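Please look over the sequence and the fold below before reading on. The paragraphs that follow go through selected loops, a sheet and a pair of helices in turn.

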Amino acid sequence: MNPFDFERATDTAGAVASVADRPDAVFLAGGTNLVDHLKLGVAEPALVVDINRLDLTDIEELADGGLRIGAMVRNSDAAADPRIRRDYPMLSRALLSGASGQLRNVATMGGNLLQRTRCVYFQDTTTPCNKREPGSGCSAIGGYTRYHAILGASADCVATHPSDMAVALTALDAEVVVLGPTGERRIPVTELHRLPGDRPEQDTVLEHGELITALELPCARMGRSTYRKIRDRASYAFALVSVAARVDVDASGPAPIIRETSIALGGVAHKPWRARAAEAVLRGAEPTAETFLAAADAELEAAEPLEGNSFKIPMTRGAITTVLAELTGASEDLPETTTEDAHE
């Protein structure tokens, strides 16, 4: 680990000013991602600004019925909050799916969103990586790709975003409140993270010195929701594929109709992937196995698997259809193929 200056911030504006004034400065919250990268030599800041004493730890109800979650709220506290468990169950389940209990007790809501999109090559400083050293090449292409992207990747990077929480927030149409050198702004979570393109080193649209101070959830919407994660082991593993979904079914007519839905996928792209194509197929359609399969296939039409992760296409299809069937009570109509059958 390289030596660095250390500063403990006592107010939010001061923390922003300290980092904004130094291009080689970073914020330190829970440190569950940054400290690892400091030890590995992946991150080499000259100044680390500790923000753990900032007053950003409240969960407050908003006037419009939504919820504001301070950026320094710990993941375990958010997952256990009765309002989140009641009104945003997919978020609580996603938080509980992430990392281990010990890490959830330390990790923060803002920091979870900003953990690096990465793969094993990013964390191995002996290998080329365009995210770590722009222009050096992507070792994953032609290498180990089991966990890598099938949607939205580029010739420069095929890594996937690791956050479970971010997938749920994407499906919830949440916003982040950001304070920077020029003031405060709000960014939809769907627009916070970037696809790699030819600049994979830029994970988000945040400018240097900008700090997430809160997350805001819209008023809870009608329908049922959940989060499903498929992984190689039951704990402390990134998703191979995950699905956050909400479905609102109108059963007042002669046949039930999907009135509204929102779906986001994890483990398949450089950012949490909002399944807009699948949502378009579902809206106004009957909640049947055929509809769910059509929606999944529409979303996966653009998928481009790598040599080592082609199993993710049938796995994602199975995950989407299974979750939708469970949320609408149509699980008995599904074909016998399951997400486990797709995992070859």
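In which loop is Tyr-236 found? Tyr-236 lies in the loop between β9 and β10 (241-250), where helices (H or I, at least four residues) and strands (E, at least two) are DSSP runs numbered from the N terminus. The model is a predicted one, in which local features need pLDDT of at least 70 and side-chain atom pairs count only at pLDDT 80 or more, while totals for chains, interfaces and linings use all residues. Residues are numbered from 1 along each chain as its sequence is written, and side-chain values use heavy atoms, with hydrogens and water left out.

The backbone of Tyr-236 has a phi near 55 degrees, a positive value in a residue other than glycine. At 48% relative accessibility, Tyr-236 counts as partly exposed; in this scheme buried means under 20% relative accessible area, exposed means over 50%, and partly exposed is what lies in between, with a 1.4 Å probe and protein chains only. Asp-173 also calls for a look at its backbone, since this residue is not a glycine and yet has a positive phi of about 60 degrees. Asp-173 is placed in the loop between α8 and β6, and with a relative accessible area of 29% it is partly exposed.

From these loops we turn to the sheet. Strands of a sheet pair through backbone hydrogen bonds, either parallel or antiparallel. Here an open sheet of 5 strands runs in the order β4-β5-β8-β6-β7, with antiparallel pairing, where two strands pair if DSSP finds at least two bridges between them. Its edge strands are β4 (59-61) and β7 (183-188), each of which pairs on one side only, and the twist from one strand to the next averages 25 degrees.

Starting at the β4 edge, β4 and strand β5 (residues 67-70) pair in the antiparallel sense over 3 bridges, and Ile-59 stands opposite Ile-69 in β5. These two strands, β4 and β5, form a hairpin with 5 residues between them, and Gly-65 in the turn has a positive phi of about 95 degrees. The next pairing, that of β5 with β8, is antiparallel over 4 bridges, and there Leu-67 stands opposite Leu-217 in β8. Strand β6 (residues 175-180) in turn pairs with β8 in the antiparallel sense over 5 bridges, with Leu-179 opposite Leu-211 in β8. Helix α1 (residues 12-20) packs on the sheet and touches β6 and β8, its direction making about 70 degrees with that of β6; contact here means heavy atoms within 4.5 Å.

At the other edge, strand β7 holds Arg-186, which at 42% relative accessibility counts as partly exposed. Leaving aside neighbours within four places in sequence, Arg-186 is in contact with Arg-68, Glu-175, Val-176, Val-177 and Glu-216.

Cys-219 is found in the loop between β8 (211-217) and β9 (224-230). It is partly exposed, with a relative accessible area of 38%. Not counting residues up to four places away in sequence, Cys-219 touches Asp-64, Gly-65, Gly-66 and Tyr-88, and Gly-65 is the residue with positive phi in the turn of the β4-β5 hairpin.

The helices remain to be considered. Two packed helices are described by the angle between their axes and the distance between the axes. Helix α5 (residues 89-97) and helix α8 (residues 164-171) pack at an angle of about 165 degrees, with their axes 7 Å apart; the axes are lines fitted to C-alpha atoms, for helices over the stretch in contact, and angles run from 0 to 180 degrees between N-to-C directions. That angle makes α5 roughly antiparallel to α8, a term used for angles over 145 degrees. Met-90, Leu-91, Ala-94, Leu-95 and Ser-97 in α5 meet Asp-164, Met-165, Ala-168, Leu-169 and Ala-171 in α8. By class, this contact has 8 nonpolar, 1 polar and 1 charged residues, where Ala, Val, Leu, Ile, Met, Phe, Trp, Tyr, Cys and Pro count as nonpolar, Asp, Glu, Lys and Arg as charged, and the others, Gly among them, as polar.

Both α5 and α8 also contribute to the surroundings of Asn-75, a residue placed in helix α3 (residues 75-80): leaving aside neighbours within four places in sequence, the contacts of Asn-75 include Leu-95 and Met-165, together with Arg-104, Ala-107, Thr-108, Met-109 and Asn-112. At 3% relative accessibility, Asn-75 counts as buried.

Terms used. Angles under 35 degrees count as roughly parallel, over 145 as roughly antiparallel, 65 to 115 as roughly perpendicular and the rest as oblique.
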